[in-house]
Amino acid sequence: MYSYLENVYSVSVNCSNCIGNSPYPAIMVQPLAFSLNRAQPEALVDQIVREVEHALQRQTLHAGVRMPSIRSLAKAHGISTFTVVEAYDRLVANGMLVARRGAGFFVAGAADARDAGPASPGSGLTTGAAASEVTNAWLLSEIFADDSIAVKSGCGWLPDSWLDEDGLHGALRSLSKGPGAHFAHYGHPHGYGPLRQWLARRLGELSIDAPPENIVLTHGATQALDLIVRTLLKPGDTVLVEAPAYCNLLAVLRLAGLNVVGIERTEAGLDLAALEQAAQTHRPRALFVNPALQNPLGTSLSPASAHRILQCAEQHGFWVVEDDIYRELAPAGTPSLAAMDGLSRVIYVSSFSKTISPSVRVGYLACSRDLAHEIARSKMVAGLTSSEINERIVHAILTEGRHRKHIERLSDRLTRSRARLITQLQSHGVTLLAQPEGGMFVCGSLPQTSRPARELAEAALLESIMLAPGEFFLAHNEPCHWFRFNVAYSDDARLFRFLDRAATGKQAA
């Protein structure tokens, strides 16, 4: 069955049927044919939306064109008018059509597209990042919205196909059968109770004593870090971080107006002499640390280093924020500061973004009961409750019984990809900063005679290659020659050809 957009003639007149305040130009549109296939698993609404999107991309639909009426399109395909209404409403919501009362639906013009705001990820409209300067802000924002980049070696997430898509689909199907009341109200300030109970059992397996009332669910680990900063710190306070450290954390700390001091991260952990010196000199309020599979180096704390960190914190009276989001991917027996401390001075942070999906945005923190109540109040002030729907999805996945097998498969896949990437990097003149013990990342340096990493990252972006220069992970953005490579996105010949040229100082052809 085919449907055609009728020929439309429009004259330039001021009338109530014009989009916005401007009249349409006189245009004629050729018939546009598309088919709907009921045998496909794709919903009819999705098929209509897709066909209109394709017509816009091919420019067989132009601004100001009136779409077929709801009744005529439904009749042409023998479908419900409700199906057409839903498809048109979705296209309006995405800024592709505009609805005019009494006149119908029209293809959006340039002014309408501006009013609709920036394109969302996956829309096919890019942000023009290839012409932008590579900065921390770009890495933290524009990279998420730019689907035009071919090689995302510097990104911080895993491909969809590596994550627990089956678990997500199963959880969504299961939850959709439940009462609507489950999705219609604000959640608890601490988060969904059954998930906090599950987490209390899981943390107990790690020798971390954290009852449900000591746990606060958050909108990802980044919100957990932000809430800790809001609750415990004030502008001008000094905090210690690893050098290198998680780039999002550095952005959170700078935004809060904190004085950030970096402590070198070695193969075994922090430089303990430098930690002691900084504690004496700066009297810090907190230390932020990745104990297991540190981002970006991929190394873990030794038991001795973990013990000395806690001794220093106790002696100098600062908090230790343990960002432990890679724990599920770490080798058994990797030290945990929270387990050693008993949540006396340690605040434990984790999330499910790296193992289930970053889209569900479910993280959590565990700490003393009184502090958990304070942080929950900060959470409510800053953004009310976290999403109970997402928390229910995560709980359903964790209790369904297949998550452990998914983690095993993911760990095996990362191990193979990491080994292959290390071999490739070394064969192309890249020197490892550290030997990673697992996880998603490998850090490697080009020769000191090469251009600085940030300059090379900007050059790579012009070739549709996204790199993460090392200065993004340093407290004061010190220039360097190393990059963080994501093992899931770096097995690409275009990346290695670029690195070969970069190492020898040759420009792209």
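Val239 stands opposite Ala286, a residue of strand S8. That pairing belongs to a stretch where strand S6 (residues 238-243) and S8 run parallel, joined by three bridges. Keep in mind that this is a predicted model.

S8 (residues 286-289) has a neighbour on another edge too, so to speak: strand S9 (residues 319-323) pairs with S8 in the parallel sense, over four bridges. Here Phe288 is the residue that stands opposite Val321 in S9. To get from one strand to the next, look at helix H12 (residues 303-316): S8, H12 and S9 make a right-handed β-α-β unit.

What about the two faces of S8, covered or open? Both are covered. Ala286 and Phe288 are buried on one side, and Leu287 and Val289 are buried on the other.

Now for the charged side chains. Side chains of opposite charge can pair when their charged atoms come close. The model has 21 salt bridges. Three of them are set out here.

| Acidic residue | Basic residue | Closest N to O distance |
|---|---|---|
| Asp46 | Arg90 | 2.4 Å |
| Glu205 | Arg202 | 3.3 Å |
| Glu408 | Arg404 | 3.0 Å |

Start with Asp46 and Arg90, whose side chains meet in a salt bridge. Asp46 sits in helix H1 (residues 44-58) and Arg90 in helix H3 (residues 81-93), so this pair ties together parts that are 44 residues apart in sequence. Asp46 counts as partly exposed because its relative accessibility is 29%, and Arg90, at 31%, is partly exposed as well.

The Glu205 and Arg202 pair stays inside one helix: both residues lie in H8 (residues 193-205), three residues apart, which is about one turn of the helix. How exposed is Glu205? With 59% relative accessibility, Glu205 counts as exposed, while Arg202 is partly exposed at 23%.

Glu408 and Arg404 are also helix partners, this time in H16 (residues 403-427). They are four residues apart, so about one helical turn separates them. In this pair the basic residue is the exposed one: Arg404 has 54% relative accessibility and counts as exposed, whereas Glu408, at 36%, is partly exposed.

Finally, some salt bridges join up. Which residues form a network? Lys234, Asp237 and Arg285 are linked in a network of salt bridges.

Methods:
Residues numbered from 1 in each chain as written. Predicted model: local features only at pLDDT ≥ 70, side-chain atom pairs only at ≥ 80, totals over all residues. Heavy atoms only, no water. Salt bridge = Lys/Arg side-chain N within 4 Å of Asp/Glu carboxyl O. Buried < 20%, exposed > 50% of the residue type's maximum accessible area, 1.4 Å probe, protein only. Pairing = 2+ DSSP bridges. Right-handed = clockwise from strand over helix to strand, strands pointing away.
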